[in-house]
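Trainee: I would be grateful for a close look at the aromatic ring pairs and at the helix beside them. Please explain how each part is arranged.

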Amino acid sequence: MCKTVRESVCFYIGNDEKNRYDFYTEGKHLKFPVMITVHHIRGYHFKYYFPPIDRETVETLTQYQENIIHGIIKPELLSEKPAKNDLPYLKTAIGKTFEEEVMNSKEDCVVQFYSDSCDHCTKMMKRFEKVASLFADDNSIKFFKFSSNTNDIDIEGIYVGWIEGL
């Protein structure tokens with residue numbers, strides 16, 4: 001099944017192999033045996049965890065693979081917990097809710113993607129907070145910060161551009 005799809009690699013992990021694949025299973029509460037599909041698209045690797053497969057047919061597994069390729073099944077994305085101490089004019093976007101809060105928003109959204117280990121990002125955060133505060137009373141635009149260290153998103157459809165006048 002996975003051999004016929006160039007963009008995907010499948011891993012069957014049995015009960016006795018749990019420790020060999022820590023990279024794929026770390027932090028996940030999985031029931032073994034499990035099949036993991038890693039789908040490579042647009043330069044990124046997305047992980048999909050098939051529910052316990054001890055009684056699945058080849059047809060079911062093939063349909064699962066097809067659903068991944070056609071976007072019916074969404075990838076497992078890294079996501080931190082929602083922030084509790086956001087500023088009213090600057091929210092924290094997280095992996096699980098990014099599409100809902102940002103991509104499907106009726107308002108325009110400005111997102112600062114940052115890394116906790118990047119000095120430039122830390123310096124820019126203060127400026128970004130200031131710009132967001134200037135728009136605090138404008139209900140037509142939302143500002144978000146997004147940590148790329150603790151979150152993943154499927155980035156197709158994000159427009160990166162310049163805001164005139166800033």
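Mentor: The following account takes the ring pairs in turn and then the helix. Please note that the model is predicted.

A search of the whole structure finds five aromatic pairs. One of them joins Phe113 and Phe146, with 5.4 Å from centre to centre and 65 degrees between the planes. Because an angle over 60 degrees counts as edge-to-face, this pair receives that description. Phe113 belongs to strand β5 (residues 108-114) and Phe146 to strand β6 (residues 141-147), so the pair ties together parts that are 33 residues apart in sequence. Phe113 is partly exposed, at 38% relative accessible area, whereas Phe146 is buried, at 3%. Ring pairs also bring Phe98 into a cluster with Phe113 and Phe146.

Another pair is formed by Phe135 and Phe143; their centres are 5.5 Å apart and their planes meet at 40 degrees, which makes the pair tilted. Here Phe135 is partly exposed, with a relative accessibility of 26%, while Phe143 is buried, with 3%.

The helix is α4, which covers residues 119-134 and has 16 residues. From its first C-alpha to its last, α4 reaches 24 Å, close to the 22 Å expected at 1.5 Å a residue. A kink of about 25 degrees is centred on Met125. Met125 is also buried, as are Cys121, Phe128 and Ala132 of the helix. The buried residues of α4 pack against β5 and β6, the strands that hold Phe113 and Phe146 respectively.

Key
Residues are numbered from 1 along each chain as its sequence is written. This is a predicted model: local features need pLDDT of at least 70, side-chain atom pairs count only at pLDDT 80 or more; totals for chains, interfaces and linings use all residues. Side-chain values use heavy atoms; hydrogens and water are left out. Rings of Phe, Tyr and Trp (its six-membered ring) pair if their centres lie within 6.5 Å; planes under 30 degrees apart count as stacked, over 60 as edge-to-face and the rest as tilted. Helices (H or I, at least four residues) and strands (E, at least two) are DSSP runs, numbered from the N terminus. Buried means under 20% relative accessible area, exposed over 50%, partly exposed in between (1.4 Å probe, protein chains only). The expected span of a helix is 1.5 Å times one less than its number of residues. The bend at a residue is the angle between axes fitted to the seven residues ending there and the seven starting there. Contact means heavy atoms within 4.5 Å.
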